[in-house]
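Please open the structure in your viewer and keep the sequence at hand. The tour below proceeds by selections, each followed by a description of what is found there.

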Amino acid sequence: MSPKNSEIKVSLRNLSRHYGNVAALHDFSLEMTTGEMVSLLGPSGCGKTTVLRILGGLDPQHGGRIFVDGEDITGSTSDKRNMGMVFQAYSLFPNMTVAENVEYGLRVRKISPEVRRKKSMELLEMVHLSHRPNAYPNQLSGGQQQRVALARALAIAPKVLLLDEPLSALDAQVRVQIREEIRRIQLETETTTLFVTHDQEEAMSVSDRVGVMNAGELEQIDSPAALYNKPKTAFVASFVGVTNKIPGEIDGKGRVRVLNQKIDLSKNSRSAQEGEKVLALVRPENLEISSEFDTDAQPGLVITKSFLGPLTKLGVDLGTENLVYINMTSQEARKIDVGNRVSVKITSEELMVANV
Amino acid sequence: MSSLKESTTRKSGGFSALLKTLPLAPFSFVFLFFFCWPIFQIVKNSLDQGKGHYGLSAYRLMFTKPYMHAFATSLQLSFFSALTAGLIGAVVAFYVHRSSAGLKSTIAMLSGVLANSGGVPLAFMFIAAFGAQGGIVTLLKKMGFDIYGAGFTLYSLGGLILVYSFFQIPLMVLVFTPALEGMRNEWREANNSLGGSNFQFIRWVLIPVLFPAFLASVLLLFASAFSAFATARALTGGSVGLVPLVIGSLIDGNVITDQANLGDALAVGMVVVSGVVMLFYGFSLRWARGR
């Protein structure tokens, strides 16, 4: 999943944008290497779409600069940037056939009809729609329309491919299928791609790197595995994946007292004062459950049990405000049932903490 | 036994089909009694030559010069007023569509009122403003622009087009705005990101997408102008020969013996013109969609 080339393709430097008094983007910087696929992930209103639209020239920035292939394109208009864009939905021109839609960017560039048709057929082949060149958008399913939009965006051999939540209007099964196709085509064409999504599974499964945004700022950008396993901020830890927030307290040695255990604070965690009440952020797979009594562990009662195939998710009441969720193999989970008394222990050596 | 069951099923199927079509009954009633029946009556009456004789004498008369001239004038008025109001209304609708929500609702409300303000009051309003001694005409004369001296008269085809525009432009704004609301911002942005200019977007996307709605709206204006009666009557008093005015005068009693069915024949002529317009609309729509 590593980028093909370490050459810097896109460099966004200190971008900012505000709507009235609200800062949609604040001092945002990002570099993308050639052929890399970067996803921006974050809650609604975090500024991820704003970044994409600024890069595509569809919205102006109020500060900062944009470089593509080393060239400063900050002031150029969207039609001069040569960036293919796939929107959330409904972006195909309804008066044109599938082939005409794909050919549109080439027609604008005054490419001959024969070359255009050949290129559009190649791209339709790539997105598995070569059998429907004469269909109109309203004759296609949502997934097919997005494939055409992808082919149309790729037809101009874009410097950067911009994907603005292109799967959000599709049903779950089609979404998985199309996202895999997007990744396959992106790798085949080695197109540098910025993918904006609020779906973390989507971002994690197809990207070389994922940037997590919050309140107009980039909290962390890293490989999907590093993002999950080594979050640098409490926001990333709680936003990416499932995280239990278990009440604890900081002791005199800077450790967290939680579930009858004392665990070191993560290097990335914020500093905390002795006696401060905090929420320890613990992944479900970093909790161990046992049906035997353990003085180092926290006793609890199993309230829910959800079978997820190879894994089973248990919800345990540890006397805290919320249930604590624990993942274990379905094989092991056979020994534990709802209503059983159990002991729960944290297995991680260090923890991130968040404010109560 | 099985045939009895089949027959029961068929009966209950028929009953449920009847139930499903029941909501269409009021529409069917209106369609039959307020559309089909009047058309049947005017066709029948147009053929009625009196004393139990039926023939085409009214149609032969209809195809003579004065009545054909009335059709030509009506078509001319409808075409030019629909086109003028259609183009101006489309531009107004476009700017209204891009304006704030508050202005949009104000314009929509105003358009609703103005689109329905035809008839005698409108005619007198225009006479007061644009008549030979009207306020605006007098004002323009004082400023050195004598529009009547230049050949303009309110009581002419040009004058009627001006007056019709008063209610047709708002009507166009009302009927064309929904089509503009259906335009998606993503189309323009996709055009830009693919390197297209605004001109290319207008030429290749905007106009083809909006054309069917524009055509439909203009045809509605055409039909509205073609059948308008009160405004033209009040304004011109019959000096401009339009088909509805001719029919009106025939119905009013200015009927020469043996021509009682002429008004009906002219009405049939109007139905035929409307039918041709609708056919043209259908073909145009298919062409616009199928390109």
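**The open sheet of chain A**

Begin by selecting strand E9 (residues 209–214) of chain A together with E10(A): the two run antiparallel and are joined by 5 bridges. The model on display is a predicted one. Within this pair, select Met213(A), whose bridge partner in E10(A) is Leu218(A).

Next, widen the selection to the whole sheet. It is an open sheet of 6 strands in chain A, ordered E6-E7-E8-E3-E9-E10, with mixed pairing. Strand E6 (83–86) and strand E10 (217–222) of chain A are its edges, each pairing on one side only. From one strand to the next, the twist averages 20°.

**Helices across the sheet**

Which strands does helix H1 (residues 48–56) of chain A lie across? Select the helix and strand E3 (37–41), E6, strand E7 (160–164), strand E8 (192–197) and E9 of chain A: H1(A) lies across these, at about 145° to E7(A). Then add helix H4 (residues 142–155) of chain A, which lies across E6 and E7 of chain A and runs at about 175° to E6(A).

**Around strand E19 of chain A**

Move to strand E19 (residues 341–346) of chain A and select strand E15 (residues 287–290) of chain A with it; they pair in the antiparallel sense through 4 bridges. Here Glu288(A) stands opposite Lys345(A). Strand E16 (residues 298–308) of chain A also pairs with E19(A), again in the antiparallel sense and over 4 bridges. In this pairing, Gly300(A) has Val342(A) as its bridge partner.

Now select Val344(A). Beyond its neighbours within four places in sequence, its contacts include Leu259(A), Leu287(A), Ile289(A), Gly300(A), Val316(A) and Ile326(A).

**The largest nonpolar core**

Val344(A) leads to the next selection. The largest nonpolar core has 152 residues, and those touching the most other members are Leu194(A), Ala280(A), Val344(A), Val353(A) and Met172(B). Select helix H10 (residues 198–227) of chain B as well, since it gives the most to this core, with 13 residues. In soluble globular proteins, nonpolar side chains tend to be buried together.

**Where the chains touch**

Finally, display both chains. Their contact takes 19 residues from chain A and 16 residues from chain B. On the side of chain B that touches chain A, helix H9 (185–193) and H10 of chain B are the elements giving two or more residues. H9(B) supplies the largest share, 6 residues. Coloured by residue class, this side of chain B shows 6 nonpolar, 6 polar and 4 charged residues.

Notes: Residues numbered from 1 in each chain as written. Chains lettered and ligands numbered in written order. Predicted model: local features only at pLDDT ≥ 70, side-chain atom pairs only at ≥ 80, totals over all residues. Core = buried A, V, L, I, M, F, W, Y, C linked by C-beta atoms within 7 Å. Buried ≥ 20, exposed ≤ 12 C-beta atoms within 10 Å, placed from the backbone. Contact = placed C-beta atoms within 7 Å. Nonpolar A, V, L, I, M, F, W, Y, C, P; charged D, E, K, R; others polar. Pairing = 2+ DSSP bridges. Axes fitted to C-alpha atoms, helices over the stretch in contact; angles between N-to-C directions.
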